[in-house]
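Colleague: Could you pick one part of this model and take me through it closely? I'd like to follow the reasoning as well as the numbers.

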Amino acid sequence: MNHTTLTFHGGLRTIGGTIISLQYGDSRIIFDFGLVYSPQNHIFDGQIKLRKSSVVRDYLKLGLIPSIDGVYSKEDLPDHSTLISADTYPGNTAILISHLHLDHMGAMGMIDPSVPVYMTEDSLSLYQTLDEIGEGVQRNRSYQSCKYNQPFTVGEISITPIQVDHDVLGACAFHIQTPDGAILYTGDLRMHGAHPERIQSFIQKANEIGFDAVIMEGTTLSSEEELAEETLVSNKALPEDLVTETMIPSKMAEVLKATNGIGIFNIYHRNIDRIRGILQAGVESGRKVVLEAETAQIALNHLGAQNFLVFQSEEIRQAPVPKWQTRLFNKVSTISYKQINQHPDQYFVQNSYDRSLELFDLNVENGIYLHSNGVPLGSFDPAFQNLERVLQLIGLERVLIGTGGHAIPQHLKYIVDELDPATLIPLHSFYPERLKPKNGVQLLPQYGKTYLLSEGKITEQ
Ligand SMILES: [Zn+2]
Ligand SMILES: [Zn+2]
C-alpha cells in the first residue's frame with residue numbers, strides 16, 4: 001500500500017537551504033532547492049574558483065547540495081556514485097520553488113533538465129529578467145510556471161500555490177495534498193510588507209482547503225535571552241518602532257531633504273516594492289533617481305517605470321555592451337558621474353556593494369549613504385567591514401533605512417495560531433523550537449530520518 005513520507009535534507013537549523021522531499025508511491029516533490037546563506041563560512045571566498053565543468057560534483061562533495069536519488073544527471077555525478085541519476089530513477093519527480101531568493105533557488109540549475117522545476121508566473125518572469133542581466137543561477141535549463149490558487153499535479157500529488165508577501169516578487173506558499181493528507185509549506189513571509197492583505201487571504205485560503213501539518217519559516221526567532229517568552233505571543237498589530245515597506249519612501253525623502261550633497265542608496269533589486277519605494281523617495285525629495293543598468297532593466301520590465309536615469313560609469317562605457325544594455329540605453333537616458341557632480345544634491349544614486357569603487361568618482365561631500373537591505377547585510381558578513389572601510393575613506397556617512405523580509409516573532413505566532421495546525425514543523429531558523437503551535441504538537445525533524453503522514457498525523461518511521 002502507498003503512503004506519504006517526508007524527508008528533510010536541509011534548512012532545519014539554518015537560514016534557508018530548506019530542502020524537503022515528500023513522496024507518495026512513485027510520485028515525489030522536492031520543495032525549494034537553494035543554498036544555505038552563510039557568508040562567514042562560505043568556501044567560495046572570492047579566491048577559490050568555481051569549476052563550471054564539475055559544479056554538481058563539487059557542490060555534492062562540499063555538502064552544498066543534497067545527495068538525493070533521481071535529481072542529478074548521470075554525467076554530472078562522480079564515477080561510481082551510489083546516487084541514482086535522474087534518467088534511471090523510476091519515479092515521477094518535480095521540484096517546487098517558493099521564491100527567488102538564493103537560499104531557495106540557488107541550486108535549481110543543477111537539477112537534471114528532465115526533472116520539471118515549478119515556480120509562480122511572477123517568479124518565472126522575474127527569473128527571465130535576472131537571467132537576461134546576468135544574475136541567473138549556475139547552468140541553464142528550462143522552468144515551468146504555476147498560477148496562484150490553481151492546483152496542478154505531480155503524479156498523485158496535488159499542489160496549490162498560494163501567494164504570500166515577502167521581499168521578492170512572486171513569493172508563494174504551497175499547499176500539498178496526497179491521498180493520506182495535506183501539508184502547508186509557508187515559504188518565507190512577512191506581515192509588514194507592502195501587501196499584508198496577502199497574508200490574510202493566505203490564511204483564509206489555507207484554512208478553507210484544510211491541512212494536517214504546517215511547515216513554517218522562523219527566521220526572526222532568537223534565544224530566550226534575546227527574546228523573552230512573554231513577547232512571543234500572537235499579535236498582528238505593527239509595533240510602533242517597526243519600519244514597514246510602505247514607510248520607507250517618506251523616511252528616505254526626509255533624510256534626503258535634510259542632505260545638502262548626493263544621496264546614495266544600496267538595495268537588493270529582487271525586491272520590486274523597494275525599487276518602487278526608491279523611485280517614490282526620488283519624487284518626494286525632488287531628486288532624480290539614478291539606477292544601475294541591471295536594476296533599471298528590472299524596473300522597466302516589472303514596474304513599467306521610466307522615471308529614472310541609468311548610471312553609465314567609465315567602466316561600463318569602456319566595456320563591450322551586452323545586447324540587453326544596448327536595448328535599455330535606447331529606451332532610457334544615461335548619466336555620467338561628471339554630470340551628477342555638477343549638482344550632486346539633485347540626485348539619488350544607486351551603488352551596489354560590488355560597485356563600491358564607483359563612489360570614488362562621485363562628489364560625496366555632505367552626502368549620505370542609505371543602506372536599504374542591499375548586501376552586505378550585517379557585520380556577520382566579512383564584506384561589511386570592507387564597505388565600512390570604503391565609506392570611511394571617502395567620508396560618507398551610512399544610515400540604515402530598510403526593513404526585513406521575514407515576519408517578526410509575534411506575527412509568526414499570529415500566523416501559526418490562525419492556522420492552528422495539528423502538527424507544526426518550524427524550520428529555516430536558528431531557534432525553531434521557540435515557535436509553538438496553539439493546540440497541536442510541535443515536530444522538530446532530524447536529518448536522516450523519514451516521517452510518515454498518515455490519518456492526519458506525522459510520525460517517525
Ligand atoms: Zn529564506
Ligand atoms: Zn526569502
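Modeller: Sure. Contact here means heavy atoms within 4.5 Å. This is a predicted model, so everything below is computed from predicted atoms. With that cut-off, and leaving out residues up to four places away in sequence, Leu62 touches Ile43 and Phe44. Leu62 and Ile43 are 19 residues apart in sequence, and their C-alpha atoms are 8.4 Å apart in space. Leu62 comes out as partly exposed, because its relative accessible area is 38%. I start there since Leu62 sits in the loop between helix H1 (55-61) and strand E4, and the other end of E4 (92-96) takes us to the part I'd look at closely: the loop between E4 and helix H2 (102-105) is where His101 lies.

His101 is one of the residues holding the zinc ion (ligand 2). That ion is coordinated by His99 through NE2, His101 through ND1, His166 through NE2 and Asp188 through OD, at 2.1 to 2.4 Å. Along the chain, the donors follow the spacing H-x1-H-x64-H-x21-D. His101 in its E4-H2 loop is partnered by His166, which lies in the loop between strand E8 (157-163) and strand E9 (172-178), so the pair ties together parts that are 65 residues apart in sequence.

What about the geometry around the zinc ion (ligand 2)? The 4 donor atoms subtend angles of 88 to 170 degrees, and that makes the arrangement irregular. To see why, recall that four donors count as tetrahedral if all angles lie between 85 and 135 degrees; the upper end of this range, 170 degrees, rules that out.

Is each of the two histidines in those loops buried or exposed? The cut-off for buried is under 20% relative accessible area. His101 counts as buried because its relative accessibility is 9%, and His166 counts as buried too, at 2%.

There's also a neighbour to keep in mind when you set up the site. The zinc ion (ligand 2) and the zinc ion (ligand 1) are 3.4 Å apart, and Asp188 coordinates both of them. So the picture to carry away is this: Asp188 is shared between the two ions, while His101 and His166 reach the zinc ion (ligand 2) from two separate loops.

Notes:
Residues are numbered from 1 along each chain as its sequence is written. Chains are lettered from A and ligands numbered from 1 in the order in which they are written. This is a predicted model: local features need pLDDT of at least 70, side-chain atom pairs count only at pLDDT 80 or more; totals for chains, interfaces and linings use all residues. Side-chain values use heavy atoms; hydrogens and water are left out. Donors are N, O and S atoms within 2.8 Å of the metal (3.2 Å for Na, K and Ca); water is not among the atoms, so sites may look incomplete. Four donors count as tetrahedral if all angles lie between 85 and 135 degrees; four count as square planar and six as octahedral if opposite donors are over 155 degrees apart and all others between 65 and 115; anything else is irregular. Helices (H or I, at least four residues) and strands (E, at least two) are DSSP runs, numbered from the N terminus. Buried means under 20% relative accessible area, exposed over 50%, partly exposed in between (1.4 Å probe, protein chains only).
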